[in-house]
Amino acid sequence: MTDILIYGAGSIGSFLAYLLSGSARNSTGEVGVKNVALLGREGHMRAIRDRGLHVDLGEKTEILRFEHCFSSLDDLKASDFCPDVVFVCVKTHSLSALCQELQESGLLEVRLKRSLFILLMNGMGNREVFLQSDLDPARLQEGITSFGVVLAGEGEIELKGRGKTVLQDGMGGEEKEFLAERFSEKGFEIDFSPDFRRQQYQKLLVNAVINPITALTRHQNGIILSPALKCTVERVVTEAVAVATAEGLAIQEEAAVELVFSVAEKTAANTSSMLQDVLRGRRTEIEAINGYLVRQAEKHGIAVPVNEALFEMVKSISGLQTG
Ligand SMILES: NC(=O)c1ccc[n+]([C@@H]2O[C@H](COP(=O)([O-])OP(=O)(O)OC[C@H]3O[C@@H](n4cnc5c(N)ncnc54)[C@H](OP(=O)(O)O)[C@@H]3O)[C@@H](O)[C@H]2O)c1
C-alpha cells in the first residue's frame with residue numbers, strides 16, 4: 001500500500017484523495033481512508049473531520065472519512081503519517097509560500113526525507129519554483145489533469161467533468177501500479193508519459209488561449225469559436241509554438257490550433273477557472289500561463305505581442321473585485 005499526502009487539499013486535491021482511496025466501508029456506508037492524508041485550510045479540513053468529505057459524482061455522492069486530516073504542517077509533524085508520495089495541488093501563486101513553509105518546517109530532512117513530490121497543477125515554471133525548497137530534483141515530478149472539480153462548500157466537492165491525468169514517467173513500479181489500480185477502479189484514466197513536457201506544453205497552449213480570453217470577455221469557453229476571435233486565437237498559438245520550438249519541443253502549429261478549437265468546442269458551456277477567479281475577485285494563474293510564455297519568449301529573443309497584451313490585461317484585473 002502506498003501512503004499519500006495531498007498538500008493543498010482544495011478542489012483537485014480532495015478529488016484526487018477520493019480517487020486514491022480504497023473501498024472499505026463502515027457500517028453507515030461511508031468509505032474509511034487510512035492511506036491518504038489531507039493537508040488543507042482549516043474550514044475545509046474541520047468540515048471533513050466533522051462530517052466527512054462529500055464527493056458529488058453526479059449519479060451518486062460518496063462520503064469519505066479520513067484518519068489523517070491536517071490543517072498545518074505542525075499537525076503532520078505531530079502525527080505518525082509518513083507519506084511515500086506527496087501530491088501538491090495548490091494554485092500556482094500559492095506555491096512559493098508553500099515551499100517556504102515546507103523548508104522552514106524541517107520536514108524535508110526528517111519525515112518527508114524519502115517522499116516523492118508530484119506537482120499536479122496547471123501552468124509551467126512550477127518545478128523551478130518548487131526547487132527553491134532545496135529538494136533533490138530527482139524527488140520532484142509533475143503532472144497535469146483535465147478533470148473538472150469545484151469546491152461546492154466546506155467539506156464538499158462536485159465533479160464537473162471527466163478527463164485524463166498524465167504524470168511524468170519517473171516513479172517506482174510499486175507507486176505507479178498503485179495509482180493506476182486506484183484510478184482504474186474508479187473509472188478514471190491515468191498515464192505515465194516519457195513525453196510529459198510536450199503534453200504539459202500542449203495543455204499550457206490551450207490554457208493560454210481559453211483562460212485569458214474567457215476571463216476578459218467574461219464568456220464561457222464557447223466564445224473561442226467566435227469568428228471575430230479566429231485571428232487572435234491563431235496568433236496566440238503561433239507565438240506559443242515559436243517559444244516551444246525555441247525550447248526544443250516539436251509542436252505542429254496546425255495541430256495546435258485544431259487542439260485549441262476542439263477543446264473549446266467540447267467545453268463550450270464551461271466557465272474557465274480564470275474567469276471564475278476574476279468573477280470572485282481572486283488572483284488568477286496568468287503568471288504561470290501567458291506570463292510563462294512571455295518570460296520564455298524574452299529569454300529566446302522572440303516577440304509575443306498578443307500573449308503579452310493578454311497577460312497584462314488579465315494581470316490588471318487579477319485579484320480585483322470586478323462586480
Ligand atoms: N479545479 C479544477 O477543476 C482543476 C482542473 C485542472 C487543473 N487544476 C489546477 O490544479 C491546481 C489546484 O487547483 P484547485 O482548483 O484545486 O485550487 P483550490 O480549489 O483553490 O485548492 C487549493 C487549496 O490549497 C489551499 N492552500 C494553498 N496553500 C496552502 C498551503 N500552504 N497549505 C495548505 N493548503 C494550502 C488553498 O487555500 P487558499 O484558497 O486559502 O489559498 C485551497 O484551499 C491549479 O493549478 C489549477 O489550475 C484545477
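**Sheet, ligand shell and a few odd residues**

Thr-165 stands opposite Ile-190, a residue of strand 13. That pair is a handy way into the sheet of this predicted model. Strand 12, which covers residues 165-168, is joined to strand 13 by four bridges, and the two strands run parallel. Zooming out, these strands belong to an open sheet of eight strands, in the order 6-3-1-7-8-9-12-13, and the pairing across the sheet is mixed. Strand 6 (69-70) and strand 13 (190-193) are the edge strands; each has a single partner strand, so one side of each goes without a neighbour in the sheet.

Further along the sheet order sits strand 1, flanked by strands 3 and 7. With strand 3 (residues 36-39), strand 1 pairs in the parallel sense over four bridges. Its pairing with strand 7 (residues 85-88) is likewise parallel, again over four bridges. Leu-5 shows both pairings in one residue: Ala-37 stands opposite Leu-5 in strand 3, while Val-86 is the bridge partner of Leu-5 in strand 7. Side chains of a regular strand alternate between the two faces of the sheet. In strand 1 (residues 4-7), Ile-4 and Ile-6 lie on one side, with Leu-5 and Tyr-7 on the other. These four residues are all buried, and both faces of the strand are covered.

Burial also turns up in helix 2, which spans residues 42-51. There, Gly-43, His-44, Met-45, Ala-47 and Ile-48 are buried. Just past the end of helix 2 comes Gly-52, which takes a positive phi of about 90°.

Next comes the ligand. Around the ligand there are 21 residues, and those that come nearest are Ser-11, Ile-12, Asn-122, Val-149 and Glu-285. Three of these residues place a polar atom by a ligand oxygen, and they do it with different parts of the residue. For Ser-11 it is the side chain: one of its polar atoms is 2.7 Å from an oxygen atom of the ligand. For Ile-12 it is the backbone, with an N or O atom 2.9 Å from an oxygen atom of the ligand. Val-149 also uses its backbone, where a polar atom is 2.8 Å from an oxygen atom of the ligand. Taken on its own, the ligand has 880 Å² of accessible area, and the protein covers 80% of that.

As for where the shell comes from, at least two residues each are supplied by helix 1 (11-20), helix 4 (95-105) and strand 10 (148-153). Sorted by class, the shell is made up of nine nonpolar, eight polar and four charged residues.

Thr-284 is found in the loop between helix 10 (273-279) and helix 11 (290-300). Despite the loop setting, Thr-284 is buried, with a relative accessible area of 4%. A polar atom of the Thr-284 side chain lies 3.3 Å from the backbone nitrogen of Ile-286.

On the cysteine side, the disulfide count is zero. The sulfur of Cys-82 has its closest cysteine sulfur in Cys-69, 19 Å away, which is too far for a bond; the cut-off for a disulfide is 2.5 Å between sulfur atoms. Cys-89 is in no disulfide either, and its nearest cysteine sulfur, that of Cys-99, is 14 Å away. The surroundings of Cys-82 and Cys-89 are not alike. Cys-82 is partly exposed, with a relative accessible area of 42%, whereas Cys-89, at 11% relative accessibility, counts as buried.

Finally, two loop residues have backbone angles worth a look. Asp-134 has a positive phi of about 70° although it is not a glycine. Asp-134 belongs to the loop between helix 5 (126-130) and strand 9 (140-145), and at 63% relative accessibility it counts as exposed. Arg-218, also a residue other than glycine, has a positive phi near 55°. Arg-218 is in the loop between helix 7 (196-217) and helix 8 (230-246), and at 38% relative accessibility it counts as partly exposed.

Conventions: Residues numbered from 1 in each chain as written. Heavy atoms only, no water. Buried < 20%, exposed > 50% of the residue type's maximum accessible area, 1.4 Å probe, protein only. Pairing = 2+ DSSP bridges. Near = heavy atom within 4 Å. Polar contact = N/O pair within 3.5 Å; in protein donor to acceptor, adjacent residues only side chain to side chain. Areas by Shrake-Rupley, 256 points an atom, 1.4 Å probe, with all protein chains shown as cover. Nonpolar A, V, L, I, M, F, W, Y, C, P; charged D, E, K, R; others polar.
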